[in-house]
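The following exercises practise the reading of a protein model, from its overall make-up down to single residues. Each task is followed by a solution in steps.

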Amino acid sequence: MLNPQRSLSELPKMSSASQVERAVLAEEFSWLLKEEVHSVLKQLQDVLKEASRRFSMPTSGLESQLKQENFILGSSAMDQVKGVLTLQGEALTQADINLKVAKSSQVLHFQFREDKQWKLQQIQDARNHVNQALQLLNSRDESYHFKTGAEVNKLMDAVMLQLTRARNRLTTPASMTLPELATSCLMKMFTPPMPGDVIMNFYINLSKLCLTVYQLHVLPPNTTKNFKPTGSSVLHNPGSMFELSNNRFEVSHVHKVECVVPWLSDTLVFFTISLQLCQQLKDKISVFSSFWKYRPF
């Protein structure tokens, strides 16, 4: 509570003290914009360059420089599906798969045709988002002078948006309907040709490369069974139904096998570190914003 007996001569001193405090804050904020921001941007560039290097694609004529990695699917004698996948960057260049038919001891063997490879769109999209984040950071070199906190926040928000999209592409596989899977170009890549009662799908989930195989049976045309087509999903359960080319199918068995891709694990860690750096810088900016509401930080 203000003291009514207070001398008016004290007021200029308070105003002076306030001015000194603001001058100190102004100096600290100026240092933040000039030095600290660029230090964080450099850290972000270093981390994202490492992430981008994991996604690195060969230049024209240098395809052999991109490392080929083999991953084994299936880990026990009980696995209905086993195989070896060859991953080169974003492309599955070879798939050698054995499927044990559920109702018999028969083993079906499929592999990619020599002229085919399967692009994993999730990896391609994630790489593109990382490169867009790097372009945003490169647009503000060390000679650039940030004038306001709002300008820094705008850049951080744009970078974080690209990083979030990149992470989401790896953590959230696309939902697809069974007819979409059945008519996918993937079904035409194998030799011998894939039988009509088998559907396959490859996708990325976090740091794992996944293969799902669906075995189907045809429903009789005049079946009394309630027919209810299944919608989009990442993984369809046994009993799921769909219609294709005037035939009705039901999923009888589902087999899912997966393997960890170590460099995808690294990439997800880089995304987390980068998002934390962005948020920490935004938090520092907000500290000054709370002191000076009247300035456009």
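The protein contains five helices and 10 strands, where helices (H or I, at least four residues) and strands (E, at least two) are DSSP runs numbered from the N terminus. The model is predicted, so that local features need pLDDT of at least 70 and side-chain atom pairs count only at pLDDT 80 or more, while totals for chains, interfaces and linings use all residues. Residues are numbered from 1 along each chain as its sequence is written, and side-chain values use heavy atoms, with hydrogens and water left out.

**Exercise 1. The whole protein**

Task: State what share of the residues is buried, and describe the exposed surface and the contacts.

Solution.
Step 1. Buried means under 20% relative accessible area, exposed over 50%, and partly exposed in between (1.4 Å probe, protein chains only). By this criterion, 39% of the 297 residues are buried.
Step 2. The protein exposes about 16,700 Å², of which carbon and sulfur atoms supply 52%; the areas come from the Shrake-Rupley method with a 1.4 Å probe, and for residues only the protein chains shown count as cover.
Step 3. A contact means heavy atoms within 4.5 Å. Among contacts between residues at least 6 apart in sequence, 66% join residues at least 24 apart.

**Exercise 2. Strands β1 to β5**

Task: Determine which side chains of β1 are buried, and trace the pairing from β1 onward.

Solution.
Step 1. In a regular strand the side chains alternate between the two faces of the sheet. In β1 (residues 68-73), Glu69, Phe71 and Leu73 point to one face and are buried, while Gln68, Asn70 and Ile72 point to the other and are not.
Step 2. Two strands pair if DSSP finds at least two bridges between them. Six bridges join β1 to β2 (residues 81-88) in an antiparallel arrangement, and the partner of Asn70 in β2 is Thr86.
Step 3. Eight bridges join β2 to β3 (residues 91-100), again antiparallel; here Lys82 has Asn98 as its bridge partner. The two strands form a hairpin with two residues between them, and Gly89 in the turn has a positive phi of about 65 degrees.
Step 4. Strand β3 also pairs with β4 (residues 107-112), antiparallel and over five bridges, with Leu99 bridged to Leu108. This hairpin has six residues between its strands.
Step 5. Finally, β3 pairs with β5 (residues 118-119) in the antiparallel sense over two bridges, and Ala91 stands opposite Lys119.

**Exercise 3. Helix α2**

Task: Compare the span of α2 with its expected span, and name residues of the helix that are buried.

Solution.
Step 1. The expected span of a helix is 1.5 Å times one less than its number of residues.
Step 2. Helix α2 (residues 121-138) has 18 residues and reaches 26 Å from its first C-alpha to its last, close to the 26 Å expected.
Step 3. Its buried residues include Ile123, Ala126, Val130, Leu134 and Leu137, and also Asp125, Arg127 and His129.

**Exercise 4. An open sheet**

Task: Give the strand order of the open sheet and explain why β7 and β9 each have one side without a neighbour.

Solution.
Step 1. The four strands follow the order β7-β8-β10-β9, with antiparallel pairing.
Step 2. Strands β7 (198-205) and β9 (241-244) stand at the edges and each has a single partner strand, so one side of each lacks a neighbour in the sheet.
Step 3. The twist averages 35 degrees from one strand to the next, where axes are lines fitted to C-alpha atoms (for helices over the stretch in contact) and angles run from 0 to 180 degrees between N-to-C directions.
Step 4. Eight bridges join β7 to β8 (residues 208-219), and Tyr203 is paired with Cys210.

**Exercise 5. The largest nonpolar core**

Task: Identify the residues that touch the most other members of the largest nonpolar core.

Solution.
Step 1. A nonpolar core is a set of buried Ala, Val, Leu, Ile, Met, Phe, Trp, Tyr and Cys residues joined through side-chain atoms within 4.5 Å.
Step 2. Of the 76 residues in the largest core, Met200 and Phe202 touch the most other members.
Step 3. Not counting residues up to four places away in sequence, Phe202 touches residues including Leu85, Ile97, Phe112, Trp118 and Phe190.

**Exercise 6. Unusual backbone values**

Task: Where do Leu206 and Ser245 lie, and which peptide bond is cis?

Solution.
Step 1. Most residues other than glycine have a negative phi, and most peptide bonds are trans.
Step 2. Leu206, in the loop between β7 and β8, has a positive phi near 60 degrees. Leu206 is partly exposed, with a relative accessible area of 44%.
Step 3. Ser245 lies in the loop between β9 and β10 (247-260) and has a positive phi of about 50 degrees. Ser245 is exposed, with a relative accessible area of 61%.
Step 4. The bond from Thr191 to Pro192 is cis, with omega near -5 degrees; Pro192 is found in the loop between β6 (190-191) and β7.
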